[in-house]
Amino acid sequence: MSSIFNKLEEVEQKYRELEQSLSDPAIFQDMERYQKLTRERARIASVVESYQRYKKITDEMEGNKVLLHGDDEALKELAKEDITVLKKELEELEERLRMMLLPKDPRDEKNVILEIRAGTGGEEAALFAMDLFRMYAKFAERRRWRVEILSQNITGLKGAKEVIASIEGDGVYSQLKYESGVHRVQRVPETETQGRIHTSAVTVAVLPEAEDVDIVINPDDLKIDVYRSSGPGGQSVNTTDSAVRVTHLPTGLVVICQDEKSQHKNKAKAIKVLKSRLLDAAIKEQQDQISKERKSQVGSGDRSERIRTYNFPQGRVSDHRIGLTLYRIEAIMEGDVQEIIDHLTTHFQSQALQEAGLDSLGKPHYQ
């Protein structure tokens with residue numbers, strides 16, 4: 001029996017034990033324990049139900065298989081029809097059971113802090129950094145998520161050396177967590193007079209937003225400096241000391257926020273970003289301890305890795321991790337990135353199933 005069947009048998013046995021415990025009248029004397037057991041039973045009930053249905057179908061398949069060797073032609077024809085229908089349902093159940101047993105990423109429902117920074121390529125990299133931010137903002141609009149810019153460093157040509165934003169909504173991290181990495185662009189820059197194609201790079205980091213229960217910061221560990229905000233070229237944005245620089249002394253992490261006119265609002269935004277960076281660092285350290293070969297974020301994560309190329313002359317976008325190339329760059333830059341995200345999700349879920357030993361139920365009983 002394969003490992004997945006062992007897991008399913010264990011879950012079913014656990015369900016029977018929970019049922020037995022909950023049927024004991026004495027359990028009502030301890031309502032906290034009763035509620036805990038009830039929640040645990042509800043959590044695995046759908047797995048048990050699907051597994052029991054799976055076993056019932058395999059038994060029915062065996063029964064139809066016997067009929068195929070009989071002499072009654074009408075019964076044989078009915079058995080063939082039943083086998084076709086049952087086989088399809090069995091395949092659907094196998095896929096559902098594998099996904100049910102796959103450990104859930106507790107961060108999937110979190111909001112995110114999106115950090116986009118221009119890399120190699122000078123002003124062209126800054127322009128593409130802003131293009132990428134607009135792409136994600138338009139994708140967020142399609143998903144009805146809320147985007148708030150926390151900090152940005154705009155260049156003279158309206159590019160961005162850095163954009164940091166929060167994105168809030170349903171399942172944001174589950175959709176964007178594979179976007180972390182180096183995004184490369186190949187195109188003729190607006191500043192190029194001879195029509196030569198340049199290659200530039202932008203880094204993207206998607207951090208699950210830290211909640212107060214995730215990261216607790218000791219106020220004594222923070223150094224907070226305030227100064228006058230300034231825009232491109234040193235132009236003063238306002239005449240008050242509203243810009244805030246927060247330094248986390250134990251780690252040396254620095255966050256600057258100057259977009260708001262209120263010093264208190266800038267401080268709150270900076271600490272929000274700092275918490276998410278500290279949470280991300282803690283997650284990375286934990287994963288590195290579990291396995292040095294595992295990457296720092298689920299699926300891809302290594303931010304030094306070139307994950308995607310946007311080639312404008314050829315009109316294509318290529319994701320190098322999964323060998324996917326789409327020839328509709330204009331639509332993608334307008335936020336139509338769901339197809340890429342779906343392919344990435346399927347790929348890394350399959351990878352996770354293999355690592356967990358859940359990639360196959362083994363040879364089905366009916367074969």
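Here is a short walk through this structure, from the whole chain down to a few single residues.

Keep in mind that you're looking at a predicted model. The protein chain has 367 residues, and 41% of them count as buried. Its fold is built from eight helices and eleven strands. If you look at contacts in the chain with a separation of 6 or more, 62% of them involve residues 24 or more positions apart. As for the outside, the chain exposes about 20200 Å², with carbon and sulfur atoms supplying 48% of that area.

Now find the sheet. Strands of a sheet pair through backbone hydrogen bonds, and the pairing can be parallel or antiparallel. Here, eight strands make up an open sheet with mixed pairing, and the order across it is β2-β3-β1-β5-β4-β9-β10-β11. At the edges sit β2 (146-154) and β11 (324-326), each of which pairs on one side only. On average, neighbouring strands of this sheet are turned by 15° against each other, direction ignored.

Let's zoom in on one pair of neighbours. Strand β4 (residues 181-187) and strand β9 (residues 306-311) run parallel, and five bridges join them. Want a specific spot to click on? Try Val182, whose bridge partner in β9 is Arg306.

Stay with β9 for a moment and look for helix α8 (residues 338-355), which lies across β9, β10 (316-319) and β11. The angle between α8 and β11 is about 170°. Angles here run from 0 to 180 degrees between N-to-C directions, so a value of about 170° tells you that α8 and β11 point in nearly opposite directions.

Next, go to Gly169, in the loop between β3 (160-168) and α5 (172-176). Is Gly169 buried, partly exposed or exposed? Its relative accessibility is 25%, so Gly169 counts as partly exposed. Buried would mean under 20%. Leaving out residues up to four places away in sequence, Gly169 touches Glu109, Asn111 and Trp145. Trp145 is 24 residues from Gly169 along the chain, yet their C-alpha atoms are separated by 4.7 Å.

Finally, head for the surface. Leu67, Leu75 and Leu78 make a nonpolar patch of about 240 Å² there. One of these residues, Leu78, lies in helix α3 (residues 73-101). Leu78 has 49% relative accessibility, so this leucine counts as partly exposed; the exposed label needs over 50%.

Definitions and conventions:
Residues numbered from 1 in each chain as written. Predicted model: local features only at pLDDT ≥ 70, side-chain atom pairs only at ≥ 80, totals over all residues. Heavy atoms only, no water. Helix = DSSP H or I, 4+ residues; strand = E, 2+ residues; numbered from the N terminus. Buried < 20%, exposed > 50% of the residue type's maximum accessible area, 1.4 Å probe, protein only. Contact = heavy atoms within 4.5 Å. Areas by Shrake-Rupley, 256 points an atom, 1.4 Å probe, with all protein chains shown as cover. Patch = residues over 30% accessible without salt bridge, like charges linked within 9 Å, V, L, I, M, F, W, Y side chains within 5 Å. Salt bridge = Lys/Arg side-chain N within 4 Å of Asp/Glu carboxyl O. Pairing = 2+ DSSP bridges.
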